[in-house]
Amino acid sequence: MNSKTIKKNLTHIAAGLLILALGAAGGVWWTKRSSNMGSAVSESAKSERKVLYWFDPMKPDAKFDKPGPSPFMDMQLVPRYADEGGADTAALTISTRASQSLGMRVATVGQQDISSTVEVAGTLQLSERDVSIVQARTSGFVERVYTRAPGDVITAGSPLADVINPEWVGAQQEFLAVKAMGDAALTRAARQRLALLGMPPALIQRVEEGNRTLPVTTITAPTSGVLTELMVRQGMSLSPGMTLARITGLGTVWLELAVPQAQASNLAIGQMVEARLTAASETTLKGKVASILAETNPDTRTLRVRIELPNPGQRLRAGMLATAILHGPSESVLLVPSDAVIRTGKRALVYLAEDGGQFKPVEVQIGAERDGQLVIRQGLSAGQKVVASGQFLLDSEASMRGLIPPTNMPSESMNPSVTSMDKVPVYETRGVIEELDASNIKLRHEAVPALKWPAMTMGFKRAKDLQSSGFKVGDTVQFQFKAVGDEYEVVTLKGAKP
């Protein structure tokens with residue numbers, strides 16, 4: 001190879017290396033340019049997002065106006081952007097697809113008229129208001145006792161015993177003698193004397209029409225019913241006012257109930273009641289509350305309630321078991337599914353479903369539960385949508401973001417006789433101490449309108465710090481009490497004028 005050829009080859013190689021060098025430099029420049037453009041676009045996009053506040057993910061309820069190190073943890077504060085949803089409106093934003101994947105179900109807040117009902121089991125008893133007493137009206141002797149025994153059901157006019165009344169025989173003889181004289185005025189006076197001696201009008205008429213004395217008188221039942229007592233025996237002597245028999249009517253019977261004192265506010269005299277016998281549950285009996293006894297059972301903390309039930313055909317018997325449903329006044333209330341309410345013990349929350357896929361936590365005040373639904377006393381309105389399933393995931397996210405609202409439900413009663421002590425309703429009334437020991441106090445107290453309690457005697461627990469020195473049985477006191485579980489506890493006690 002000659003020198004010209006070698007020189008030409010070296011020239012081509014140098015040109016190739018120069019082209020490669022220029023290409024590499026151009027690639028590096030283009031890469032840097034693209035990187036710088038991407039960073040600029042990213043910074044521009046980031047700067048366009050509105051920052052609402054900065055927070056520590058480990059303590060999301062604390063918010064800061066500017067970035068920096070967290071005062072709680074060894075980390076930097078994280079920004080919360082407006083397009084992430086939930087901060088300004090205190091709501092979470094979730095897409096429809098995400099809601100479906102979480103299995104979220106929405107229910108409508110309904111409004112319905114309901115009545116407060118109490119269902120209690122009880123026992124039938126004979127009515128003590130329908131009792132007849134059979135007594136001897138004059139001295140005499142029992143000649144015969146008819147075949148009767150306690151527990152027999154008898155009708156009005158049924159004979160009980162034949163009695164000889166010597167005093168009546170003498171008065172009858174005088175009446176007949178005066179009648180024979182033909183003096184109408186004296187005859188009327190003699191007849192009146194027979195009536196004043198206690199002689200029945202039917203017996204006087206028989207003496208007058210038969211014109212002869214009747215020494216034997218048959219004592220009969222004045223009313224129909226069950227013969228609960230029979231104290232007359234053949235051959236015994238009688239004195240005026242001696243009780244011979246006791247008859248209890250069966251036209252109405254009592255259903256005795258033991259109602260927990262926590263449900264006493266739903267009771268009222270004359271309240272309508274439906275009862276079903278255990279032996280015939282298909283039969284419904286309708287009655288009313290006849291009386292609410294003034295003393296509670298200190299062992300079971302229950303009130304005795306008497307229900308009057310009609311007894312057509314005398315089918316109801318004492319000792320039968322029955323279940324009574326006491327219907328209270330109706331009211332229009334808001335209802336939501338029980339599963340829609342998150343109860344923490346201190347308060348209750350529901351998640352309100354709003355337009356645009358937003359879910360807002362709302363604190364509510366709940367009432368009684370019935371048929372899988374809860375009564376909402378405050379916090380919602382009819383027609384709103386609440387999350388009925390999947391709300392616990394929302395609650396977890398809302399807690400992390402610090403969106404749970406502060407407690408603002410009232411804990412005190414609006415009744416002026418109710419005050420607040422440790423956020424538990426406290427009731428006040430007057431009473432007289434019946435019993436007093438280290439842990440209990442029994443009081444005969446006046447009515448408590450806030451609880452719809454009548455005046456009655458009941459036992460209370462004593463608060464640990466209750467000062468009761470100087471008080472004794474029989475003292476009239478002004479006291480405050482509150483509910484502690486299923487019992488009531490006296491928290492203050494002071495003297496009052498009788």
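Visitor: What makes the meeting of the side chains of T492 and Q480 a polar contact?

Guide: This is a predicted model, and in it 3.1 Å joins the two side chains. A polar contact needs a pair of N or O atoms within 3.5 Å, one able to donate a hydrogen and the other to accept it. The distance of 3.1 Å is within that limit, so the T492 and Q480 pair is called a polar contact.

Visitor: Why is T492 called partly exposed?

Guide: T492, found in strand β30 (residues 487-495), has a relative accessible area of 27%. Buried would need under 20% and exposed over 50%; 27% lies in between, so T492 is partly exposed. T492 also has Q467 at 7.5 Å, C-alpha to C-alpha, although the two are 25 residues apart in sequence.

Visitor: And T217: buried or exposed, and how do you know?

Guide: T217 has a relative accessible area of 9%. That is under 20%, so T217 counts as buried. T217 belongs to strand β11 (residues 216-220), and its side chain makes a polar contact of 3.4 Å with the side chain of N165. Here too the distance is within 3.5 Å, so the contact counts.

Visitor: Let's turn to the rings. How many aromatic pairs does a search of the whole structure find?

Guide: The search finds five. One of them joins F460 and F479.

Visitor: Why is the pair of F460 and F479 called edge-to-face?

Guide: The ring centres are 5.6 Å apart and the planes meet at 70 degrees. A pair needs centres within 6.5 Å, and planes over 60 degrees apart count as edge-to-face, so both conditions are met. F460 sits in strand β28 (residues 456-462) and F479 in strand β29 (residues 476-484), so the pair ties together parts that are 19 residues apart in sequence. Relative accessible area is 0% for F460 and 0% for F479. Both values are under 20%, so F460 and F479 are buried.

Visitor: What makes the pair of F481 and Y488 edge-to-face?

Guide: Their ring centres lie 5.7 Å apart with planes at 75 degrees. The distance is within 6.5 Å and the angle is over 60 degrees, so the label fits. F481 and Y488 are both buried. Ring pairs link F481 and Y488 with Y427, F460 and F479 into a cluster.

Visitor: On to empty space. What is the volume of the largest cavity, and which residues line it?

Guide: The volume is about 30 Å³, and the structure holds one cavity of 30 Å³ or more. The lining is made of V134, L160, A161, I219, L230, V232, L244 and A245. Strands β10 (159-164) and β14 (243-248) each supply at least two of the lining residues.

Visitor: How do you know that the lining of the largest cavity is nonpolar by class?

Guide: The lining residues named are Val, Leu, Ala and Ile. Those types count as nonpolar, so the tally is eight nonpolar, no polar and no charged residues.

Visitor: What classes of residue line the second largest pocket?

Guide: That lining has 12 nonpolar, six polar and two charged residues. The second largest pocket holds about 460 Å³ of space and has 20 lining residues, with R137, P200, T218, I219 and T220 nearest its centre. Among these, Arg counts as charged and Thr as polar, whereas Pro and Ile count as nonpolar. Strand β11 gives the most to the lining, with five residues; β7 (131-135) and α5 (201-210) also give two or more.

Visitor: What makes β7 and β9 edge strands?

Guide: Each pairs on one side only. The open sheet has four strands in the order β7-β14-β12-β9, with antiparallel pairing.

Visitor: How do you know that strand β12 and β14 pair?

Guide: Four bridges join β12 (residues 225-230) to β14. Pairing needs at least two bridges, so β12 and β14 pair. V226, for instance, has T248 in β14 as its bridge partner.

Visitor: Which strands does β23 pair with?

Guide: Strand β23 (residues 373-378) pairs with β19 (residues 321-337) in the antiparallel sense over four bridges, and L334 stands opposite I376 there. Strand β22 (residues 358-370) also pairs with β23, again antiparallel over four bridges. R370 has Q373 in β23 as its bridge partner. The hairpin of β22 and β23 has two residues between the strands, and D371 takes a positive phi near 55 degrees.

Key:
Residues numbered from 1 in each chain as written. Predicted model: local features only at pLDDT ≥ 70, side-chain atom pairs only at ≥ 80, totals over all residues. Heavy atoms only, no water. Phe/Tyr/Trp six-rings, centres within 6.5 Å; stacked < 30°, edge-to-face > 60°. Buried < 20%, exposed > 50% of the residue type's maximum accessible area, 1.4 Å probe, protein only. 1 Å grid on protein atoms, 1.4 Å probe; cavity = no way out; pocket = protein on both sides within 12 Å on 5 of 7 lines; lining within 4 Å. Points joined across faces, edges and corners; volume = space filled by probe spheres on them.
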